[in-house]
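Here are a few exercises to work through with the model open beside you. Try each task before you read its solution.

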Amino acid sequence: MQRNFLGLFMLISLTIFYCCPLVFGEVQKENIFPVEHLKATDSALKVKIGDPAPDFNLPAVSGGTISLSHYRGQQNVVLSFVPAAWTPVCSGQWPGYNIVENLFKQNQTILIGISVDNIPTLFAWTQAMGKIWFPVVSDFWPHGVVAEKYGILRSDGVSERALFIIDKQGIIRYVDVHDINSRPDLETLIQELKKLE
Amino acid sequence: MARMAGTLLFFIIVACVFSGCHTLLADEGGGESTPAPEIILPRPTSPAHLTYLGVPSNPQPLSLNEVKAKVIVIEIFNMYCPHCQREAPQVNSLFELIQSRGLQDKIKIIGIGGRNSDFEVKLFQEKYNIPFPLFSDPDFTNTYKLLTDVQTPSFFVLNKGVLGKRKIAYSLTGGFANPESFLDTILPITNLK
């Protein structure tokens, strides 16, 4: 009896030793998938400044669907396409936008995040960013159909890292199909927003 | 019976020591004394920040060697990093704790925004009401002097020794568990109370 008790206690002690790291973990180690340097862009743009922005109706992470035309007459829209959830650069871009909601509001602008990832993937990824103020939609199925309409679907099936500013009349006023490996400058985006009436 | 109690006590101690040794939240480098690199930053223009650092206003870049305080805590952060965003109130609390313990002349805190522009650093400062100076480091020039594998937030404690040279007394990757334990860790290492 005493020997069994001792054995059990040893087992518990060793479990504590091994499990403590798992319980507390390392906050710093994110689930970010390392990506090598990619070709800057890999698509042929189909829209330009002055064109009406192609409309869409896509499923949103928060539930339901979101259409671009919903905002016509009410708000300017920044469409932020990012290539893939859980990858570098993307993992930084939206958390940055997440703390400057006031700058978008000051310019009567809504931000819509969009990628070709499916809803569960986008959900898990945006949850890791904390509470986000802007809607995120999935261009997963039919695969990349919206990215294709804009001419920013890359040959490997992800979209470019691209920003479009669309005014309240639904017209494209700014296009940045950015080097996929780097993050677009936030100050430039805000300055472009300020140019809208 | 006494022997069994002794064995049990031994295993309790072993379990506690091994689980306590493992860092709870972050990788720590304690007890190091590598010479601190010279960090050169854009000189603040805000009178409050110049006064806080105890440096004059002039058109020259600021070397941290000009800062007379014994200890400088550097946070490498990124405005886009959710960990840094979550950590910001903790670092503010550390600033307040240092003030409340009367150590504000001996320990200064600064933040360096790796690959952030002035605009982005300013947004971070305003968003989190950060009371200590933040600096942009758009090309990672200063960040790379401190770490090659950039993870944010990272903290470096630069301590001035008896001969006036600064060394990296402590470093931390990731957030600290709470401001009190962080301060209690660095005070003995920097020979402060």
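**Exercise 1.** How many nonpolar, polar and charged residues does the lining of the second largest pocket have?

*Solution.* Keep in mind that this is a predicted model, where local features need pLDDT (confidence per residue, 0 to 100) of at least 70, and side-chain atom pairs count only at pLDDT 80 or more, while totals for chains, interfaces and linings use all residues. Residues count from 1 along each chain as written, chains are lettered from A in the order written, and side-chain values use heavy atoms, without hydrogens and water.

Now sort the lining by class: 6 nonpolar, 5 polar and 3 charged residues. Here Ala, Val, Leu, Ile, Met, Phe, Trp, Tyr, Cys and Pro are nonpolar, Asp, Glu, Lys and Arg charged, and the others, Gly among them, polar.

**Exercise 2.** Find the element that gives the most to the lining of the second largest pocket.

*Solution.* Start with H4(B): it wins with 4 residues.

**Exercise 3.** Describe the ring pair of Phe140(B) and Tyr144(B).

*Solution.* First, the distance: the centres are 5.0 Å apart, and rings of Phe, Tyr and Trp (its six-membered ring) pair if their centres lie within 6.5 Å. Next, the angle: 55° between the planes makes the pair tilted, as under 30 degrees is stacked and over 60 edge-to-face. Finally, the surroundings: Phe140(B) is buried because its relative accessibility is 10%, whereas Tyr144(B), at 43%, is partly exposed. The cut-offs are under 20% relative accessible area for buried and over 50% for exposed, with partly exposed in between (1.4 Å probe, protein chains only).

Definitions and conventions. Helices (H or I, at least four residues) and strands (E, at least two) are DSSP runs, numbered from the N terminus.
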